2 protein chains.
Amino acid sequence: MKLTREKVLAAALVLVEENGVQGLSMRKLAAAVGVEAMSLYNHVPNKDAVIDGIAELVIRRMALPEPTGDWKADLRQLANAFRAAATRYPHAAGLVLTRQLGSNASLAGTNAALSALRGAGFDAEEAVHALRAVLAFLVGTVLREVESGPAFDGADPVGVAQREAELLASPFPAVAESAPFLASCEHDREYEFGLDLLLAALEFRRTGSGPGRSS
Amino acid sequence: MKLTREKVLAAALVLVEENGVQGLSMRKLAAAVGVEAMSLYNHVPNKDAVIDGIAELVIRRMALPEPTGDWKADLRQLANAFRAAATRYPHAAGLVLTRQLGSNASLAGTNAALSALRGAGFDAEEAVHALRAVLAFLVGTVLREVESGPAFDGADPVGVAQREAELLASPFPAVAESAPFLASCEHDREYEFGLDLLLAALEFRRTGSGPGRSS
DNA sequence: TCCCTTGGACTTACACCGTAAGTATCCCGG
DNA sequence: CCGGGATACTTACGGTGTAAGTCCAAGGGA
């Protein structure tokens, strides 16, 4: 079976998901595709290119939603798709979020988001600013989600309780008051909250009037 | 002169800023403090701890602003301080933004932000959500800022022009329309835009009525 | 005063890493 | 049928993180 760049990258992705990014080495990758280390260099210039390729592969596997014509719903679904694509490969997600995406791979998503914003009445420049604001929030949120250990997502009640106790004992009054909410982090809720905030602000900016109190 | 953990971390930070994170090795770090590699292990358990320590050091050097009583101004100044601290060490910034901060180092900043939000009328839980939304945006923005090469910040006009041409030639109409604005990225403006958006949304959520059109 | 504990620095060693350079093998177009 | 290009393998080098053991100087108790 002939080796291809695509197969190398696919194997690298599963290897990263199994062992973490640190656990990826050219020798292990070669073994995973049934080859000696140096043979990989026929398909890939060096290890950095492999890592770039993994990030590219992850976003290439992102499923773009169909536009509905409702710009807020469309933007939200695009954000959902991005988040789903990244969290699907928790170990590789950091790579996607960290390096700015090699143009071509993410242009389709960029285009979809800009279309929705243009349809909402933003001009070509404002649409870019709005997109970048939402994307920055998205990157920060997803990064927190994939990097935070299990002590944060509520799946480890003892860790959460211990953390809450530490925060309560801290010399910072506002931290102590909010300790129960700081000690854990429901990623879904934080994501929805922030996205609602941004979409509401964009709608306000667009129409000059706010929506009803957000649900 | 006796070696201490603190001196090791300080040396590691300057070394990272000189050579990038990849360029940091225990041997080089040891040489920088005038010692053999293995001696470092008397002060630091392993390399990961060094890297964690660098991130901690960077945020420990963040200068917290004085509270003014105006919650939006206070939040903005805190965000400015965070951004300034991170961009001061571009190579180390990725470390700070990537790993969730070891509790104690960032608690003072967390407390200041929560205080401002509590003062604005948010309850202990909403304040945490608001803080996390702003922080996520901040992380995403600063990450983009420190990772994007010089082809993006406008300092490399030929790179920007080339990039704009590529975008114009892409098969995505909304991308082509916004090409001049996608081709470069003024980090200050994007930061202000997104932060304004979030603060406006928070104010709206707090009072039930929007501010006048922003700036 | 002497000794002995202790802690920090040094030395050696190992397994592994990315990859430059050279060599063998296979397949396919002429 | 054969020659050349692509692909895979082998060897080798300098670098990495760190486990294990050695050595020495400073400080406290007898």
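## Two chains on two DNA strands

By class, the residues on the surface near DNA strand D are seven nonpolar, five polar and six charged. The model is predicted. Two DNA strands, C and D, are taken in turn below, followed by the protein itself.

**Around DNA strand D**

In total, 18 residues surround DNA strand D. The closest come from both chains: Glu36(A), Ser39(A) and His43(A) from one, Arg27(B) and Tyr41(B) from the other. Sugar and phosphate make up 54% of the atoms of strand D that come within 4 Å of the protein.

Which element gives the most to the surface near DNA strand D? Helix α2 of chain B, residues 26-32, does, with three residues. Arg27(B) is a residue whose side chain meets a base: one of its N or O atoms lies 2.6 Å from a base nitrogen of DNA strand D. Two other side chains meet the backbone of the strand. His43(A) places an N or O atom of its side chain 2.7 Å from a phosphate oxygen of DNA strand D. Tyr41(B) also has a side-chain N or O atom 2.7 Å from a phosphate oxygen of that strand.

**Around DNA strand C**

DNA strand C also has 18 residues around it. Arg27(A), Tyr41(A), Glu36(B), Ser39(B) and His43(B) come nearest. Of the strand C atoms within 4 Å of the protein, sugar and phosphate account for 53%. The surface near DNA strand C divides into seven nonpolar, five polar and six charged residues. Its largest share is three residues from helix α2 (residues 26-32) of chain A.

The table lists polar contacts to phosphate oxygens of DNA strand C.

| Residue | Protein atom | Distance to a phosphate oxygen of DNA strand C |
|---|---|---|
| Met26(A) | polar backbone atom | 2.8 Å |
| Glu36(B) | polar backbone atom | 2.7 Å |
| Ser39(B) | N or O atom in the side chain | 3.1 Å |

**How the chains are related**

Chain A superposes on chain B after a rotation of 180 degrees, with 0.0 Å of shift along the axis and an RMSD of 0.1 Å. This is the relation of a two-fold axis. The same surface serves both copies, and 100% of the contact residues of chain A recur in chain B. Which residue of chain A comes closest to the rotation axis? Phe137(A) does, with its C-alpha at 1.9 Å.

**Inside the protein**

In soluble globular proteins, nonpolar side chains tend to be buried together. Here the largest nonpolar core has 89 residues. Those with the most contacts inside this core are Leu117(A), Leu202(A), Leu117(B) and Leu202(B). Leu117(A) reaches several partners beyond its neighbours within four places in sequence. Among them are Trp71(A), Leu75(A), Phe122(A) and Leu202(A). Ala127(A), Ala130(A) and Leu131(A) are also in contact with Leu117(A).

Thr141(A) sits in helix α7 of chain A, residues 124-147. Is Thr141(A) buried or exposed? Thr141(A) counts as buried because its relative accessibility is 2%, and the cut-off for buried is under 20%. Leaving aside neighbours within four places in sequence, Thr141(A) is in contact with Tyr191(A) and, from the other chain, Ala136(B). Thr141(A) and Val35(A) are 106 residues apart in sequence. In space, 39 Å separates Thr141(A) from Val35(A), C-alpha to C-alpha.

Note on methods
Residues numbered from 1 in each chain as written. Chains lettered and ligands numbered in written order. Predicted model: local features only at pLDDT ≥ 70, side-chain atom pairs only at ≥ 80, totals over all residues. Heavy atoms only, no water. Near = heavy atom within 4 Å. Polar contact = N/O pair within 3.5 Å; in protein donor to acceptor, adjacent residues only side chain to side chain. Helix = DSSP H or I, 4+ residues; strand = E, 2+ residues; numbered from the N terminus. Nonpolar A, V, L, I, M, F, W, Y, C, P; charged D, E, K, R; others polar. Least-squares fit on C-alpha atoms with pLDDT ≥ 70 in both. Contact = heavy atoms within 4.5 Å. Core = buried A, V, L, I, M, F, W, Y, C linked by side-chain atoms within 4.5 Å. Buried < 20%, exposed > 50% of the residue type's maximum accessible area, 1.4 Å probe, protein only.
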